Amino acid sequence: MAGLNCGVTLTLLGILVLGATLSRGGAEAVNISLPHGSGITVLIKPGPFTVPGKPCYLITSKRYVTTLSIKSGERKDFTFTCPNPQNHFVIEIQKSIDCMSGLCPFGEVELQPPTSVLPALNRTFIWDVHAHKSIGLELQFSTPRLRQVGPGDSCPDGVTHSISGHIDATEVMIGTFCSNGTVSRIKMQEGVKMALHLPWFHSRNVSGFSIANRSSIKRLCIIESVFEGEGSATLMSANYPDGFPEDELMTWQFVVPAHLRASVSFLHFNVSNCEKKEERVEYYIPGSTTNPEVFKLSDKQPGNMAGNFNLSLQGCDQDAQNPGILRLQFQVLVQRPQNESTVTYVVDLSNERTMSLTIEQRPLKQSRKFVPGCFVCLESRTCSTNLTLTPGSKHRISFLCDDLARLWLRAEKTVGCMDHRYCHGRSYSLQVPRDILQLPVQLRDFSWKLLVPKDRLSLALVPVQKLQQHTQERSCNASFSYLVASASPGQDLYFGSFCSGGSIEQIQVKQNVVVTLRTYAPGFQQELSRQGLTVSIIPYFKEEGIFTVTPDMKNKVYLRTPNWEQGLPSLTSVSWNISVPRDQVACLTFMKDRTGLVCQTGRAFMIIQEQGDKAEEVFSLEDVLPKPSSHHHNFWVNISNCSPVSGKQLDLLLQVSLSPRTANLTVVLAAVVGSGALLLFALGLTICFVKKKKKKKNKGPAVGVYNGNVNTQIPMQPKMFPKAPKDNDAHVYAVIEDTMVYGHLLQDSNGSYIQPEVDTYRPFQGPTEDCPPSPPLPCSRAPTAKWPAEEPPAGVGPESESEPYTFSHPSNGNTSVPLLDAREPAETGE
């Protein structure tokens, strides 16, 4: 070992004699002479890239060659046949240093020969140092220190350092490095190979490192990284991205000022299949009572560490049949401690069973400048860029972040009742827990997953304040909104985004649903305190959704079908229950004339029905949409989709506006005329009853009086009636009393008459208009039509005017007055 410390410099190994003269042809001539025992070999060879055009050659000893090798003790003169040889050739200067049999030079390593006298080619200086296994060698790098880069990455100035080591006869790649980093020293065991790549135009004339002797390090290598202030470093395991050597140990030493804090994040890693031992990382952390602290690669790594610390990667004995691969890429971030790093927040999830919470970084634009990290620390030690808190425990967290606005929080909770016998009528308040609101980071999303038994029960969402649906025509400007989407497996149905200040009183959904409270501004809590949402379990219905809407005169209401971006799903039905105040009129308008929908199977329909009337208006959504319509009573709008062809999907935007109801002059005049006619009719009816001339007969029921002036010829014969049938009253019966025709059937055993039962009106006691109108059958191809419930279908024609026999009722058409009076049967009038 005394010989190893002799301090002999590399310059004493040999003297290089180099000269350059100009040939008569004007091309640069180079001669290189290497003395015996220098251990240097120069190799000029074609570059890795083929340049199109005329080939370039080396001329040496009157021979044209493409490769030239100059060994120790040789001298060669050569020229190039082209003016730009840097585009065709590269040069390697390799020096072999044997520290096992002779003196090992230590100290600063010089570039020999100097770059100033070499031909202008891309050049690589290689130092291959061989040492005994018990000897450790240390490469020390002067400022600027080195920065490790991934394979294939290039350095901005073109200067690259490649460092590798040895395990017996196997070469192990430690890493590739550029300038301007934090790596100050690399300690190797059993020799080292250092390669410095310089571009042809670079004027660098120093190696930038020195070699020192160290005792055995008992591991593959140790890399020292020095931080003088805030910054970050990305480092990789040996042979990355290939596998780390089996059962080897590699260590990184980090020098961090005491007033700064360091955090470790694993960017990418893989583990191998171990037969013996276990792959792990070990930390030696100042002040820890459990050094070394052992972590799995899948664990959250330590953070918020003050001062220096070490990190080691330990491999294992791998399975010979299926070894797998162990590799690691990680980042160390050093920054100033923040005020929040000394504050601990308690998040109590011990009473929760289905709630989880995640704190993560907001998406940020990439920047080349150093950006301090933003970490969430669990128990002030385990820090990471994102942290998930699980239910059933109480968690203590702190933050290591210069700006907490760079973080946000997401939470999820499942609310379900799966036994239909006990679920009906239950309700749950969707409120954000206080432990979450007291955290110093903004709540981004809080999602409730609401579950009910399939095809058994449905859900109703009832807000404290009415909601507005977000549309392009009227967007939400609130600090938060509710996003409602289906949670049923295999169904992609998004009902929409809703905020406070609208006209929607209730949203009913058929099956499972996810309600997400999404915030847009830090001051949402004040607005949230005035709003709330309650979910109730209601009886099952078959439509996907029902919206209860109560408009006001101040604003127009815009409503659009679910899944606005992708279109309403096939064979889906949705309804709106729209209320209209008594003194107002609602105008329903569709924002486009046609849907452009083409059905592949089934039919797409829209039904509009006023709840005060049983009439339904049915429209085909493949045709032109109806024009604006006015509605004086509450009404339903139902949309049922078909299975459309690929391409155009169903999307509809509805507008509802209110206006004061005004009296119609025509209606007023008609009411006055109708009242006068009714008064005259009542007066005539009274006079008719006063002038009754016939008295009641007691012998039996009277027989209806037949008018013998009726023409008995076949109807529709010409010129049979002196008047038109509508003017000829010869065939009209005054009345036919059922008691006169069937009087003998009303006698009892004593011969007296039984008074028939008279129908009375009983009001309907059941629910009226609580359900939306039923959509038509999918196979129906009916055109737009209006069917009053009391009128026959259009296919049934009226009676022919030539029918000779009709009946005239004494009540003048009022069918609510019974025609039978057994105690005093009415006689026919004149």
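**Exercise 1. Find which residue in β34 is the bridge partner of Tyr 345.**

Step 1. Go to β34 and look across from Tyr 345: the bridge partner there is Ile 397. Strands here are DSSP runs of E, at least two residues long, numbered from the N terminus.

Step 2. Now zoom out to the two strands. β29 and β34 (residues 394–401) run antiparallel to each other over four bridges; for two strands to count as paired, DSSP must find at least two bridges between them.

Step 3. Place them in their sheet. It is an open one of four strands, ordered β29-β34-β31-β32, with antiparallel pairing. β29 (345–348) and β32 (382–384) are the edge strands, each pairing on one side only.

A word on ground rules: this is a predicted model, where local features need pLDDT of at least 70 and side-chain atom pairs count only at pLDDT 80 or more, while totals for chains, interfaces and linings use all residues. Numbering starts from 1 along each chain as its sequence is written, and side-chain values use heavy atoms, with hydrogens and water left out.

**Exercise 2. Decide whether His 395 is buried or exposed, and describe its surroundings.**

Step 1. Locate His 395: it sits in strand β34.

Step 2. Check accessibility. His 395 comes out at 11% relative accessibility, so it counts as buried (buried is under 20% relative accessible area, exposed over 50%, partly exposed in between, with a 1.4 Å probe and protein chains only).

Step 3. List the neighbours. Leaving out residues up to four places away in sequence, His 395 touches Tyr 345, Val 346, Val 347, Leu 349, Leu 378, Leu 389 and Thr 390; contact means heavy atoms within 4.5 Å.

Step 4. Pick out two of them. Val 346 is 49 residues away along the chain, yet the C-alpha atoms of His 395 and Val 346 are separated by 5.7 Å. With Thr 390, the His 395 side chain reaches the backbone oxygen at 2.9 Å.

**Exercise 3. Work out which strands the disulfide of Cys 374 and Cys 401 links.**

Step 1. Start with the bond: Cys 374 and Cys 401 are joined by a disulfide, S to S 1.6 Å (the cut-off is a pair of cysteine sulfur atoms within 2.5 Å). The structure holds seven disulfides.

Step 2. Assign the ends. Cys 374 lies in strand β31 (residues 374–378) and Cys 401 in strand β34, 27 residues apart.

Step 3. Get the handedness: the link of Cys 374 and Cys 401 has -80° about the S-S bond and is left-handed.

Step 4. Check burial. Cys 374 has 0% relative accessibility and counts as buried; Cys 401, at 2%, is buried too.

**Exercise 4. Say how the rings of Phe 80 and Phe 89 are arranged.**

Step 1. Count the pairs: a search of the whole structure finds 18 aromatic pairs. Rings of Phe, Tyr and Trp (its six-membered ring) pair if their centres lie within 6.5 Å; planes under 30 degrees apart are stacked, over 60 edge-to-face, and the rest tilted.

Step 2. Apply that to Phe 80 and Phe 89. Their ring centres are 5.6 Å apart and their planes stand at 45°, so the pair is tilted.

Step 3. Add burial: Phe 80 is buried at 11% relative accessibility, and Phe 89 is buried with a relative accessible area of 2%.

Step 4. Compare another pair. Phe 498 and Phe 547 are also tilted, with 6.3 Å centre to centre and 35° between the planes.

Notes:
Polar contact = N/O pair within 3.5 Å; in protein donor to acceptor, adjacent residues only side chain to side chain.
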